[in-house]
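Reader: I should be grateful for a close look at a single part of this model. Please take one residue and describe its setting, then the strands around it.

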Amino acid sequence: MKELPLWKQYRAILKEKETRPLASLNGKETRPWRNDETEKNLEDERLVAKLIEAEWNVMVKKLPRLYHLDFVLLNNAKEIRGFAEIKIRDNKQLQYAEYMIGLSKVLHAKKLTEFTGQTCVVIVRWTDFTGWISLREYKRIGWGGRTDRDDFQDLEPMAFFTASAFKAL
């Protein structure tokens, strides 16, 4: 039997991967990475970024995924003044006493701060308030996440912040 050309072999491999089961809390096979950034999510982040630029007199630029935070904050000379993770929530700020974010983000923020000397913040736009807090100000570490997507990768070690401690943007 004649072997398929390389491009057809590659296409067959990609098609096979598309049909594999996704990650699940029920122990099914998982996919290695999922992009949760919808166009609406990106637009909401851009709106918050414009608010940051106006309030803090900085330029806000999207970072590549390998930095693990969303944005870098630059002064007019394009010197780094900080890093930011922007989150959009559809609940009121004080609906929950704590705000949680994946511990991996806090760990990467710590590395960025240690290397650059610049602060890393999380900025959250709730339905009634937009606020920020340094990623170093977490109060405790625990287990948490979301279960609505049936994806075991959504549950992980989390850093918990006091929701009322966020400063107004």
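Author: A polar contact is a pair of N or O atoms within 3.5 Å; within protein, one of the two must be able to donate a hydrogen and the other to accept it. The model is predicted, and the residue chosen here is D70.

D70 is found in the loop between strand 1 (59-62) and strand 2 (71-74). Is this residue buried or exposed? D70 has a relative accessible area of 7% and is therefore buried, the cut-off being under 20%. A polar atom of its side chain lies 2.9 Å from the backbone nitrogen of I86. Leaving aside neighbours within four places in sequence, the residues in contact with D70 are E37, E45, K61, K62, L63, A84, E85 and I86.

Among these contacts, A84, E85 and I86 lead to strand 3, which spans residues 80-88. Strand 3 is mostly covered, seven of its nine residues being buried. Strand 3 pairs with strand 2 in the antiparallel sense, over four bridges. A84, a contact of D70, is the bridge partner of F71 in strand 3. Strand 2 and strand 3 form a hairpin with five residues between them; in the turn, K78 has a positive phi of about 65°.

Strand 3 is also joined to strand 5 (residues 120-125) by six bridges, and these two strands run parallel. E85, another contact of D70, has V122 as its bridge partner in strand 5.

Terms used: Residues numbered from 1 in each chain as written. Predicted model: local features only at pLDDT ≥ 70, side-chain atom pairs only at ≥ 80, totals over all residues. Heavy atoms only, no water. Buried < 20%, exposed > 50% of the residue type's maximum accessible area, 1.4 Å probe, protein only. Contact = heavy atoms within 4.5 Å. Pairing = 2+ DSSP bridges.
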